[in-house]
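Trainee: I should like to go through this model with you. Could we begin with the vocabulary?

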Amino acid sequence: QNYTERYRPQFHWTPAKNWMNDPNGLIYHNGQYHMYYQYNPTGDVWGNMSWGHAVSQDMIYWEEQPLALSAFNTPAGVLGEFFFSGSAVYDEFHSSHLGDSPPLVAAYTSYYPNNVTLPNNQTIRGGTQCQSIAYSNDDGLSWIEYEGNPVLALPPSPYEDQWKDFRDPYLFWYGKGAYWVMVVSLPQLHKILIYHSTDLKQWEHVSEFGPSNAVGGVWECPNLFPLPLKGNIHDIKWVLMAGINPGGPAFSGASGTQYIVGNFDGTFFKADPDSDYDPGSGNANWVDYGPDYYASLTYNGLANYERVAITWMSDWAYGATIPTSPWRSAMTVPRELTLEKIEGQTRLISIPHSNLQKLKNGPLLYANHWDSATGNISLPVSGKQLEVSISFRAGKNAKRFSLGVRTGGKTSGTLIGYDFTTQRMFVDRSSTTDDSSFSDDYKGIYYGPLQTQDGVVKLRVFLDWSSVELFGGRGESTITAQIFPSGSDTGLSLFANGEVIDINLKVEALASIWT
Ligand code: FRU
């Protein structure tokens with residue numbers, strides 16, 4: 001396998017072959033970053049859901065590992081149980097008494113397609129989604145399902161009727177209270193349930209949150225984590241982040257990821273007024289405004305208040321038909337999350353993880369400054385895996401400024417830029433020579449709000465063989481989009497509609513993680 005197939009991402013994680021969706025069980029432990037993920041071991045569309053596994057020293061260079069949890073080998077028989085999304089923790093004080101020494105413990109959703117009686121004599125109705133745990137005593141390589149599973153067989157009263165939609169447990173240790181917290185979604189009701197436990201096996205339902213903000217689709221894959229506001233560890237806020245599908249910001253039918261900032265006292269999550277909108281009011285806080293950012297998960301096991309997210313870089317609207325082979329789907333680059341006040345509002349900031357610097361081992365490809373520009377500027381540089389940084393300001397009648405990537409042939413490529421008239425950045429993948437026949441939902445232009453900073457617009461772009469990730473300003477607005485351009489279109493250009501001034505451009509090559 002040399003990872004040079006058409007569209008193969010060069011610095012984003014993809015499994016060698018087959019279908020992948022959500023990241024699962026992200027944990028840093030004993031000097032290794034683990035990434036598990038929803039995986040079909042035998043096909044390139046969703047099915048036979050198992051946990052695939054990769055490990056890394058830096059979240060940039062990964063090595064694929066054997067399956068961690070396999071639907072072909074479950075307590076309920078072959079394909080009697082699917083391992084849906086979940087998370088993992090290190091049970092440092094051995095509170096679970098699972099295994100011989102402090103284990104890693106994963107919580108995940110067991111989906112049972114058919115009626116089944118488990119080895120422990122529990123009977124399960126076909127179609128059930130419930131929460132289970134597994135533990136590992138060999139640093140996350142192999143996992144043993146707890147014999148008392150499921151640990152949460154049914155949603156709590158009065159939501160028992162939601163037994164077919166109850167999923168995606170997110171675990172963390174709440175130090176102040178010395179207990180474990182599990183956050184689980186009731187997707188159809190747009191509710192997040194909060195549970196406590198002291199042994200990871202017995203769980204008590206203590207509170208719920210929602211509906212709130214965007215509710216145009218199911219709520220899935222919740223995360224709840226603390227972050228210092230403006231880096232001040234005496235001002236800790238909590239962020240609830242969850243997927244919504246459909247109902248995302250990119251197009252009607254899109255998957256998306258929203259967040260709500262508030263407080264968590266160990267039992268109740270309460271949203272801040274400036275982050276809390278009436279459900280369905282059309283307002284929401286989006287982590288990313290693009291079409292390909294879903295089921296975001298953050299790492300456990302990092303230093304206090306260090307938060308890193310990895311996210312499935314696709315969309316349920318067309319994930320199963322994107323024109324890649326023999327794998328389907330990639331993860332985003334790891335992103336560091338922080339909280340800042342911007343224009344008076346508390347905003348989640350995402351920036352590309354600093355470890356990505358490791359990929360810049362070549363010479364600077366191109367840098368330039370223009371005092372003023374109007375119209376088209378073709379650039380003497382090309383490439384398919386690049387970091388491009390650009391800053392600029394509005395001149396006379398400035399309307400739009402865009403960077404074209406993957407230009408060539410008869411098209412202007414994928415356009416990435418800023419619209420001064422509406423104060424939004426954008427990614428436009430609508431008018432390229434892209435292979436777009438796989439879905440009517442693919443072509444489009446995606447906007448993220450972005451205020452200038454002292455008049456300056458700052459954009460940072462990570463371009464890979466089949467994706468762009470755009471970070472605007474300080475990272476308060478991001479747009480992630482897959483692209484499938486013709487292999488020969490590798491050009492870059494600038495286009496100013498109206499006058500744009502004080503332009504600084506830097507283009508850097510990024511190394512492949514596969515060589
Ligand atoms: C989100 C999701 C989760 C579920 C998993 C199944 O993309 O639908 O809610 O656990 O995928 O693969």
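Mentor: Certainly. A strand here is a DSSP run of E with at least two residues, and strands are numbered from the N terminus. Two strands pair if DSSP finds at least two bridges between them. Please also keep in mind that this is a predicted model.

Trainee: Then let us apply that. Over how many bridges do S13 and S14 pair?

Mentor: Strand S13, residues 191–197, and S14 are antiparallel and share five bridges. One example is Ile-192, whose bridge partner in S14 is Phe-209.

Trainee: What do S13 and S14 form, and how many residues lie between them?

Mentor: They form a hairpin, with six residues between the two strands. In the turn, Leu-200 has a positive phi of about 70°.

Trainee: Stepping back, how many helices and strands are there in the protein chain?

Mentor: The protein chain has zero helices and 33 strands. Its radius of gyration is 23 Å, close to the 24 Å from the globule rule for 515 residues, so the chain is as compact as a globular protein of that length. Along the principal axes, the C-alpha atoms fill a box of roughly 75 × 50 × 40 Å.

Trainee: And what share of the residues count as buried?

Mentor: Of the 515 residues, 62% count as buried. Turning to contacts with a separation of 6 or more, 62% of them are between residues 24 or more positions apart. As for the surface, the chain exposes about 18600 Å², and carbon and sulfur atoms supply 47% of that area.

Trainee: What about charges: how many are positive and how many negative?

Mentor: There are 33 positive and 51 negative charges, and the mean positions of the two sets are 8 Å apart.

Trainee: Back to strands. How many residues of S25 are buried?

Mentor: Seven of the nine residues of S25, which covers residues 386–394, are buried, so this strand is largely enclosed by the rest of the structure. S25 pairs with strand S30, residues 456–464, in the antiparallel sense over eight bridges. There, Leu-386 has Leu-463 of S30 as its bridge partner. S25 also pairs with strand S33, residues 491–509, again antiparallel and over eight bridges. In S33, Val-507 stands opposite Val-388.

Trainee: What holds such strands together in general?

Mentor: Strands of a sheet pair through backbone hydrogen bonds, either parallel or antiparallel.

Trainee: Which order do the strands of the open sheet have?

Mentor: The open sheet of five strands runs S4-S3-S2-S1-S21, with mixed pairing. Strand S4 (62–69) and strand S21 (327–328) are at the edges with a single partner strand each, so one side of each has no neighbour in the sheet.

Trainee: How many bridges join S1 to S21?

Mentor: Two bridges join strand S1, residues 18–29, to S21, and these strands run parallel. Within this pairing, Trp-19 stands opposite Arg-328 in S21.

Trainee: A different topic, then. What is notable about phi of Asn-18?

Mentor: Asn-18, which lies in strand S1, has a phi near 80°, a positive value in a residue other than glycine. Tyr-7, in the segment before S1, likewise has a positive phi, near 75°. Asn-18 is buried, with a relative accessible area of 8%, and Tyr-7 is buried as well, at 5%.

Trainee: Is Ala-16 buried or exposed?

Mentor: Ala-16 is in the segment before S1. Its relative accessibility is 14%, and it therefore counts as buried, the cut-off being under 20%. Leaving aside neighbours within four places in sequence, Ala-16 is in contact with Gln-1, Tyr-3, Arg-8, Glu-64, Pro-326 and Trp-327.

Trainee: How far apart in space are Ala-16 and Phe-251?

Mentor: They are 30 Å apart from C-alpha to C-alpha, and 235 residues apart in sequence.

Trainee: You mentioned Pro-326. What kind of peptide bond joins Ser-325 and Pro-326?

Mentor: That bond is cis, with omega about 5°. Pro-326 is found in the loop between strand S20 (308–312) and S21. The bond from Gly-210 to Pro-211 is also a cis peptide bond, with omega near 0°. Pro-211 is in the loop between strand S14 (204–209) and strand S15 (218–229).

Trainee: Thank you.

Technical notes:
Residues numbered from 1 in each chain as written. Predicted model: local features only at pLDDT ≥ 70, side-chain atom pairs only at ≥ 80, totals over all residues. Heavy atoms only, no water. Helix = DSSP H or I, 4+ residues; strand = E, 2+ residues; numbered from the N terminus. Rg over C-alpha atoms; globule rule 2.2 N^0.38 Å. Buried < 20%, exposed > 50% of the residue type's maximum accessible area, 1.4 Å probe, protein only. Contact = heavy atoms within 4.5 Å. Areas by Shrake-Rupley, 256 points an atom, 1.4 Å probe, with all protein chains shown as cover. Lys, Arg positive; Asp, Glu negative; His and termini not counted. Charge placed at Lys NZ, Arg CZ, Asp CG, Glu CD.
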